[in-house]
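Visitor: I have the sequence and the model open. Could you take me through some local features?
Guide: Certainly; here is the structure.
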Amino acid sequence: MADVYNRSRRNFFTQCLASAVAWGTGAALGAPAQPAPGPKSRVVVARDPDLRGGSAAIDANRLEALLDRAMIALFGGAHAEESSKQSVLAAWRRIAGRDDKVGLKVNTLGGRGISTHVDLVAVVCDRLQQAGVPAANILVWDRDTEEMERGGFRIAIGGNRVQCYGTDRVGYEDDLSVWRSVGSRLSKNLARSSAVLINLPVLKDHDGAGVTIALKNMYGAIHNPNKYHPNGCDPYVADLNMLPEIRSRLKLVICDATTAMYEGGPAFKPEHSWNANSVIVSEDPVALDWTGWQMIERKRAEMGLKTLEAEKRAPHYIATAADSDHRLGHDQAGQIAVMEA
Amino acid sequence: MQQRSSATEITMGTPFNRRSFLKCALASGTALGAGELAAAAAPIASGAAAQNDAQFTVEARFYEKLESRKIRCKLCPRECIVGDKERGYCGVRENRDGTYYTLVHSRVCAAHVDPVEKKPLFHYLPGTTALSVATAGCNVNCKFCQNWEISQSRPEEIPAEYIPPHRAAEIARQYQCPTIAYTYSEPVVFAEYLMDTADAGHAAGVRSIVVSNGYMQHDSLMQAYGKMDAVKIDLKAYSDSFYAKVVTGQLKPVLESLVTLRKMNKWTEIVYLVIPTLNDDDAGFRGLSAWIKANLGPDVPLHFTQFHPEYLLKNLPITPVATLERAKAIADAAGLHYVYIGNVPGHPAQNTYCPQCRKMLVERVGFTASQLLIRKDSTCPQCRHTIPGIWHV
């Protein structure tokens, strides 16, 4: 396992099955139960001011280290300081193992400017394989293949490698999944290839919803997201995340906040983006969204903008997701342990 | 009642490229479903995904530009404010760098040759057929939608055929349809295609009718439905709360549309789908009937149709015929002259009777007008009472 930290991941879409088999047993050690609010949710914000060095491009090695730090902080508990490769893999084995089909739901609506970064996804794919997940059991997906390509992803279909394509290639389930205000056909990428779901959103402002982070990223998993934008997407975002196919499968959120947007979203507006140089991870999508929202508000204040509440577009769906009808996670500061890494 | 687009087989011949068109006439969602693709070893481009989006993409006609590359749609009362790279509620209009586009111009996902009675229009050219077309999309989300597979989907998810307006007119003539009907999903959302096709049809001697929810802005209604020869409006209920909860829309703009159509002198018929426990109370029937009589007059045909469990309302039963008869009795008592019961084959209230002498003037069996006795001058042959409608080609 000596190459955990050295191996190039540039070819992550062609990682062979053999290398994955070499890593441990692949058995998931104590896979977490479906997200439900415990007494306190942990959200790790891992930052690296030097993530980009002196250039505009992200340093892939530093990004890899950043995610490892975040995962150890989230799952390592008292041993978080032990940033060993064993700790990293132990963390990942809590998410998935040899027999799991793992779906990575990325967000590529914003094109190259603000999509889930390919290098971040590459690290996730590497770590999953090192934790025992066969490469071909990993699917990187969003709603549309062309959008994914515009976001920098190389499409990969078939073979013993990580798979990468949009829902447009496989379609949606014929039957509706229904929970209160939401009745939708689910992406087959979710329903059939994501027994373990890792949500990889970006951190950005949204002109209607206030912010779009983890919870709203699941709009990319249904056939009719356009129906759920009224009233700031409330309660639709929360109701959508209550669908059993989402709630029971979501094991981890890794928010790419290397580049973030505080205004003008969801389309990429370079004039309203900033290099947050961060990765945010949590098992609680509500707590993560709340934390991300506060980051956006702080940036808005720094830039002299009104709060989202003052603009009448605060993301109330986050509170709805936390209420007693949904209980998808926590949205109160006192119930969220935000840990810097 | 909204007609199912899958209820009648297409019987078109080879000039229509029948093989490919059968694929797109899918309203049930099964003709070329993603299910076939799922069985494949590796994902491939689906029929829907393989469509050339560019040929269906035309700048929308009813919107205004806002700051920061946003737009405000002016097609329906929803007035979606749509940011760059986003779509409106209907799912078929997209903001691209501050310009709003319809993605469904000439993008026909369902087409059938239907009896006009199936729309239903009972006072418009009975016994004739209509080339009936639809695109994906809808500006509301009725929980009882019969065609939700197309109305509640985005266009790229539905296999479709490129049928430009002049081609639609040609097909209608080819199949001896005096009319093109815009129907199945919600024609409001493909207003540009409807308008252009109506123009092409009229130039070729083919009329146009629309089956719509009437949830439109005044100007778009005037411009788009001004080109129609007849209109059928689905009035979902006479209740604001029903529209809010079950339709995801508003009642008031629909009533305003009906009044506008009346002022435009458009032949209009109203369908009211009666759903057990949701819109089947006597007070609602009385309010509806009184409003129609006061605002549209007693001669507007009103169809009470039978609900069948669909989409998000599968937990409710089929409407009892007795409920429909009760609704009709209330409307009759309110003074409406032409009140029909629909979706109940063989019911005598499917026929048209002279309101003055009670002679049966149009006998209908299923969707077929088996007997038409109304004279060329639109009068009853027995008492010469004028029967409103467009009766003869």
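Visitor: What covers the buried residues of H5(B)?
Guide: In this predicted model, the cover over the buried residues of H5(B) includes strand S1 (58-59), strand S6 (99-102), helix H4 (165-174), strand S11 (179-182), strand S12 (207-212) and helix H6 (218-225) of chain B.
Visitor: And which residues of H5(B) are buried?
Guide: They are B:Ala191, B:Glu192, B:Tyr193, B:Leu194, B:Met195, B:Thr197, B:Ala198, B:Ala200 and B:Gly201.
Visitor: How far apart are the end C-alpha atoms of helix H5 of chain B?
Guide: They are 18 Å apart, which agrees with the 18 Å that its 13 residues (191-203) should span at 1.5 Å a residue.
Visitor: What phi does B:Gly205 take, just after H5(B)?
Guide: B:Gly205 has a positive phi of about 80 degrees.
Visitor: Turning to B:Tyr311, where does it lie, and what is its phi?
Guide: B:Tyr311 is in the loop between strand S15 (302-306) and helix H10 (321-334) of chain B. Its phi is positive, about 55 degrees, although it is not a glycine. Most residues other than glycine have a negative phi.
Visitor: Is A:Lys312 buried or exposed?
Guide: A:Lys312 is exposed, because 9 other C-beta atoms lie within 10 Å and the cut-off for exposed is 12 or fewer. Its phi is also positive, near 60 degrees.
Visitor: Which peptide bond leading to A:Pro235 is cis?
Guide: The bond from A:Asp234 to A:Pro235 is cis, with omega near 10 degrees. A:Pro235 sits in the loop between strand S9 (210-212) and helix H7 (236-241) of chain A. The bond from A:Gly265 to A:Pro266 is cis too, with omega near 10 degrees.

Definitions and conventions:
Residues are numbered from 1 along each chain as its sequence is written. Chains are lettered from A and ligands numbered from 1 in the order in which they are written. This is a predicted model: local features need pLDDT of at least 70, side-chain atom pairs count only at pLDDT 80 or more; totals for chains, interfaces and linings use all residues. Helices (H or I, at least four residues) and strands (E, at least two) are DSSP runs, numbered from the N terminus. The expected span of a helix is 1.5 Å times one less than its number of residues. A residue is buried if 20 or more other C-beta atoms lie within 10 Å of its own, exposed if 12 or fewer, and partly exposed in between; C-beta atoms are placed from the backbone. Two residues are in contact if their C-beta atoms, placed from the backbone, lie within 7 Å.
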